[in-house]
Amino acid sequence: MTQENNHFNYLLIGGGMAADKAATGIRKTDSKGTIAIISADNDAPYARPALSKKLWVDEEFKEKDTDLKTAEKNNVKIFLSKKVTALDPTAHSVVTTNGEHFRYDKLLLATGSQAQRIPGPESDLVVALRSKADYRKIKALSGKQKHIIVVGSGYVGSEIAAGLIQNETKVSLIISGQKIYDERFPDYLSSQYQQKYLDEGINILVNKHAQKYEVDGQTVKLYFSDGQILEGDGLVLGIGANTDHSLGENAGLSSDKFGIIVDEHLHTSAPDIWAAGDIISYPDKILGRQSSAHVNHAVKSGLIAGRAMAGEEVVYDYTPSFYSWVFDISWDAIGHLSSKMQMYSEKLPGAAEKSIVYYFDDSGIIQGILSWNSKVNLNHLRNILKMKPTLSQLQQVLPLEKVE
Ligand SMILES: Cc1cc2nc3c(=O)[nH]c(=O)nc-3n(C[C@H](O)[C@H](O)[C@H](O)COP(=O)(O)OP(=O)(O)OC[C@H]3O[C@@H](n4cnc5c(N)ncnc54)[C@H](O)[C@@H]3O)c2cc1C
């Protein structure tokens, strides 16, 4: 057991959900080795999806309930507000922004994603939602019929818009398409989504491209490419997130367009360095090499990476599912979803609109599955995807209807 001069047996870079689970994975076999997390965040690891969902709609669920209790659970030393700027795989060491050195026996890279922004000045009135601190800023802006502009109709934008309207806030939702999720879902589902938001009182501006913003006292002005300007008491950006691979790349780790390359054990190209979560390019057993910026992947890959770091012979063979829920709509998905593909729907019995949508490429091979308001076991859907049925094979066993 080593813990001298900032030397740890296991050093985890990034304080997100992947790092939290990696610590659990290590402790499955190694109860004594020293574990440290270095995180650029000001808060210890927490359940990130709650920032745009549960914290807004469940009065019983408080900010403290998002805490993953990483330090207590697994005896981990956590260094907060420290960003690692350089990694030396030969010396087995890292350096932080303020010049502190840490040494390791085994290292995990789990630096996740950073929220995208549009040009404009730093201001507490403008938040690109990613962290707990961002959530607190939005909370401070919300309520009392304040007008918040939300840009983006991915899960962050659509969820925070739903959360805000349920907290006495006026919301304008800016979307680049004609309907919410119209680039992923068939029209009958994105129409349902859109109608729900309109019924709840959200003002939706469609086909809009937000270019930049300015802050004038307590007012934010959002400028669109068509010349329109919208004013609000706050601006929340949910326009996607980027992964930054430079820490690994500058240290000579192999990477590709998906991220830092890992093998099926989540080991990188450098000795004693593993990676997990949003930043990895990994060999998915069903979908082939890819990345996944979703929570189930972060958690499961983090756990496997931790177990592998502690010496277990484990393989990451989980094909991630992803999900969202707003108001009374909930969905789960696996694989690739694009409304440009051929889509076929299977309507399920029940009072609420429930269906499964299957996505096929031009050769008629299945690529993805969306489960809409249904409680279908995701492993069942994962197995269908794994068998790679053609459209005609699936049509022989399921009542499928073509949808646009
Ligand atoms: C508001 C919100 C809602 C979401 N909801 C869903 C959902 O419903 N379903 C779903 O599937 N996914 C959802 N996600 C995505 C999911 O949360 C992420 O995929 C997951 O958290 C990624 O985990 P990670 O550990 O890889 O990275 P992250 O959670 O991004 O954590 C990375 C950590 O690394 C730190 N860091 C970065 N660079 C450095 C550095 N150089 N040195 C030290 N520390 C560094 C960061 O500060 C952060 O603490 C949501 C994300 C957000 C923001």
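Before the close-ups, a word on classes: Ala, Val, Leu, Ile, Met, Phe, Trp, Tyr, Cys and Pro count as nonpolar, Asp, Glu, Lys and Arg as charged, and the others, Gly among them, as polar. This is a predicted model, where local features need pLDDT of at least 70, side-chain atom pairs count only at pLDDT 80 or more, and totals for chains, interfaces and linings use all residues. Residues are numbered from 1 along each chain as its sequence is written, and side-chain values use heavy atoms, with hydrogens and water left out.

**View 1. Here is the lining of the second largest pocket.** On a 1 Å grid over the protein atoms alone, a pocket is an open set of points with protein on both sides within 12 Å along at least five of seven lines, while a cavity is a set where a 1.4 Å probe fits but cannot get out; lining residues have an atom within 4 Å of a point. This pocket's volume is about 160 Å³, a volume being the space filled by probe spheres set on points joined across faces, edges and corners. Look for Trp56, Phe61, Tyr135 and Asn167 among the lining residues. By class, the lining has five nonpolar, one polar and five charged residues. Helix H2 (54–57) gives the most, with three residues; helices (H or I, at least four residues) and strands (E, at least two) are DSSP runs numbered from the N terminus.

**View 2. Now meet the ligand and the shell around it.** Of the 35 residues around the ligand (a heavy atom within 4 Å), Arg48, Lys53, Val84, Arg130 and Asp278 come nearest. The shell has 16 nonpolar, 11 polar and eight charged residues. H5 chips in the largest share, three residues. Domain 1 (7–114 + 241–309) and domain 2 (117–237) both give residues to this shell, so the ligand lies between them; the domain bounds come from an automatic or database assignment.

**View 3. Zoom in on backbone atoms beside the ligand's oxygen atoms.** A backbone N or O atom of alanine 18 sits 3.0 Å from a ligand oxygen atom, and one of valine 295 is also 3.0 Å from a ligand oxygen. For serine 113, that backbone-to-oxygen distance is 3.3 Å.

**View 4. Last stop: the largest cavity.** How many cavities of 30 Å³ or more does the structure hold? Just one. The largest cavity has a volume of about 30 Å³, and its lining includes Leu109, Asp244, His245 and Ile279. By class, that lining has four nonpolar, three polar and one charged residues.

Technical notes:
Polar contact = N/O pair within 3.5 Å; in protein donor to acceptor, adjacent residues only side chain to side chain.
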